[in-house]
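Please work through the following exercises with the sequence and the structure at hand. Each task is followed by a solution in steps.

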Amino acid sequence: MRASQLFFPTLREVPSEAEMVSHQLLLRGGFIRRVGAGIYDYLPLGYRVIKKIEQIVREEMDAQGAQELLMPMIIPAELYQETGRWQEDVLFRLKDRADREYALGFTHEEVITDIVRRDVRSYRELPLNLYQIQTKGRDEPRPRGGVVRGREFIMLDAYSFDRTFDEMDLAYEKMRVAFSRIIARCGLDAILVEAESGAIGGKENEEFMILAESGEDTVLRCADCGYAANVERCEIGHRNGEKPRLHEEHLRMVDTPGQRTIEEVTQFLGRKPEELVKTLIYTAGGEIIAALVRGNRDLNESKLARLIGAKRVEMADAETIERITGAEVGFTGPIGLNNVRIVADREIASMTNFVVGANKTDAHYLNANLDRDFKVDLWGDIRIASSGDPCPRCPGTLDSLRAIEIAHIFKLGTLYSEAMGAKFLDSDGCEKPFVMGCYGIGVSRMLAAIPEVYHDSDGMIWPISVAPFEVAILLLNPEDDQQCDAAARIYEELQMKGVDVLLDDRDERPGVKFKDADLIGIPIQVVCGKLASEGRVEVRLRSQKDKQAVALDTASSQVMFLREALFRELQEKADRFYIGRVLKV
Ligand SMILES: [Zn+2]
């Protein structure tokens, strides 16, 4: 491809809409353009990257025996209604001219299960793994980071169907390997973490996380044993430490007029947040729950729901709180709170003489103590984990890291097949529900995650496997015959060898060509400049500063050598993953 014919509208200024580095660079390099909130064009350079990622995805999925198909984007409401997911907030809903309802597919469990229940009858047709690479729509409340969290995005979604849970485990393992290899071949290092299943459901699931300071996800990891989990999921270890034997002071009610928040109350009383216990009122299917966590902690609603055996919990409204406590919101406490189940975070067990709301407007208690002043009905781990918390698997502690979620894999079991009556005839003559797994990689998110990791002050540095071009030839002076001849010869030689090469033949100053080549991050650069008069050109890697002058005669073989080394490095990274041995930190 000749740069004079390539459409890549670069920008000199950093666009004000972009916070993340990858977003700025993709806009500046002319890879993407914003159409609406969370909706983007992929311009030729960006789309070249997308197609290369997709190709890697196809190769690795096919290698594990998965088969590609394509399902519709527009899904009839009835399908999502069968599993109760029609209510999901992220659904983009639409109506046709006859007022029939549809949604844009946000994930295709129902559609694929419908295919399989219609057309797969016997255990002989299993196992089956079907995947697609498709544009999805999700009505994200907070689109962010350009294509990191878009409302329209390209995703690989795969679905496995098996006879038994053991066979599902194997299908899951295969996808774990395929995904690890895909991510490695794209040049990224992922860590695998336990996660919440969210709108997909199912019990066991893991996310592939790319560590990045600007990531919107938080991962907690134990350096000692390798336990890693998304912050929403992360368990906290329980230490049976000695309860400090502090003298229990007298319970005392104090006036705290208008002091509702932790910050206000602690400042007003001259206490630290960790000397206070927060009492949060929740409802869970009609039941009222008072949940206690230390003042400097946040409650984890998923943990609370799991602990009390509810599907979900919701914060009680002001009216309920006033009815239950007899006080305005902001003065809730556990003392004298009758007919309400009190659930407490285990950390509170070691506290003495703490501050709680008095269930009286404008008042708090000082020196509250467990057992003496109130009883806890249920103890458990209900807070959000943070850096320094004990590891749940070993005596180590957890570190908090920022990350971008790039893929998510789930063991669904029979969640969808039972809800939709999708059954097969097993060898024993019994009808059984399919045992399923589902697996997704954010292809367009990868377009952002890669430069988020690989960039410097000059621009992006693409791994060769996904670079928009593998090699850029910079013809510094198109008026100079020797430079032109050198560039044309290398261009032709590389093209003959199947190299994806860009020839910058534009009528621009050399400085512009250097800047653009660095900005768009082509991994190998060949400079045809003044040295051409001596029969030499310069070769450099985008990732390194130094360049090497080589004879024109050997330039293309030198480039081939570098290219193969770069590919080999990625391949070796991927080859660490095979069935039986997968990524664990
Ligand atoms: Zn550990």
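**Exercise 1. State which residues of helix 10 are buried, and decide how far the helix is enclosed.**

Step 1. The terms come first. Helices (H or I, at least four residues) and strands (E, at least two) are DSSP runs, numbered from the N terminus. A residue is buried under 20% relative accessible area, exposed over 50% and partly exposed in between, with a 1.4 Å probe and protein chains only.

Step 2. The model is predicted: local features need pLDDT of at least 70, side-chain atom pairs count only at pLDDT 80 or more, and totals for chains, interfaces and linings use all residues. Residues are numbered from 1 along each chain as its sequence is written, and side-chain values use heavy atoms, with hydrogens and water left out.

Step 3. The buried residues of helix 10 are Val443, Ser444, Arg445, Met446, Leu447, Ala448, Ala449, Ile450, Pro451 and Glu452.

Step 4. These are ten of the eleven residues of helix 10 (residues 443-453), so the helix is largely enclosed by the rest of the structure.

**Exercise 2. Determine which domains give residues to the largest nonpolar core.**

Step 1. A nonpolar core is a set of buried Ala, Val, Leu, Ile, Met, Phe, Trp, Tyr and Cys residues joined through side-chain atoms within 4.5 Å. The largest one has 66 residues, of which Met61, Phe179 and Trp462 touch the most other members.

Step 2. Both domain 1 (50-234 + 400-448) and domain 3 (460-572) contribute residues, so this core lies between them. The domain bounds come from an automatic or database domain assignment.

Step 3. Apart from this core lies another, of 28 residues, with Leu79, Val111, Leu412 and Phe434 among them.

Step 4. Contact means heavy atoms within 4.5 Å. Leaving out residues up to four places away in sequence, tryptophan 462 touches several residues, including Leu447, Ile450 and Pro451.

Step 5. Nine residues of domain 1 are in contact with eleven residues of domain 3, while the C-alpha centres of these two domains lie 39 Å apart.

**Exercise 3. Compare the expected span of helix 5 with the distance between its end C-alpha atoms.**

Step 1. The expected span of a helix is 1.5 Å times one less than its number of residues.

Step 2. Helix 5 (residues 165-185) has 21 residues and should therefore span 30 Å; its end C-alpha atoms are 30 Å apart, which agrees.

Step 3. Of the 21 residues in helix 5, 15 are buried, and the helix is thus mostly covered. Glycine 187, which follows helix 5, has a positive phi near 90°.

**Exercise 4. Describe the open sheet of five strands and identify the strands at its edges.**

Step 1. Two strands pair if DSSP finds at least two bridges between them. The order in this sheet is 16-14-15-17-20, with mixed pairing.

Step 2. Strand 16 (314-315) and strand 20 (378-380) stand at the edges; each has a single partner strand, so one side of each lacks a neighbour in the sheet.

Step 3. Eight bridges join strand 14 (residues 277-284) to strand 15 (residues 287-294) in the antiparallel sense. Lysine 278, for instance, has valine 293 in strand 15 as its bridge partner.

Step 4. Glutamate 314 lies in strand 16. Not counting residues up to four places away in sequence, glutamate 314 touches Ile281, Tyr282 and Thr283.

**Exercise 5. Examine the hairpin of strand 1 and strand 2.**

Step 1. Strand 1 (residues 32-36) and strand 2 (residues 39-42) run antiparallel and are joined by four bridges. Arginine 34 has tyrosine 40 in strand 2 as its bridge partner.

Step 2. Two residues stand between the strands of this hairpin, and glycine 38 in the turn has a positive phi of about 75°.

**Exercise 6. Are asparagine 339 and asparagine 359 buried or exposed?**

Step 1. Asparagine 339 is found in the loop between helix 8 (318-325) and strand 17 (341-345). Its phi is positive, about 60°, although it is not a glycine.

Step 2. Asparagine 359 is found in the loop between strand 18 (354-357) and strand 19 (363-368). Its phi is positive, about 55°, although it is not a glycine.

Step 3. With a relative accessible area of 83%, asparagine 339 is exposed. Asparagine 359, at 13%, is buried.
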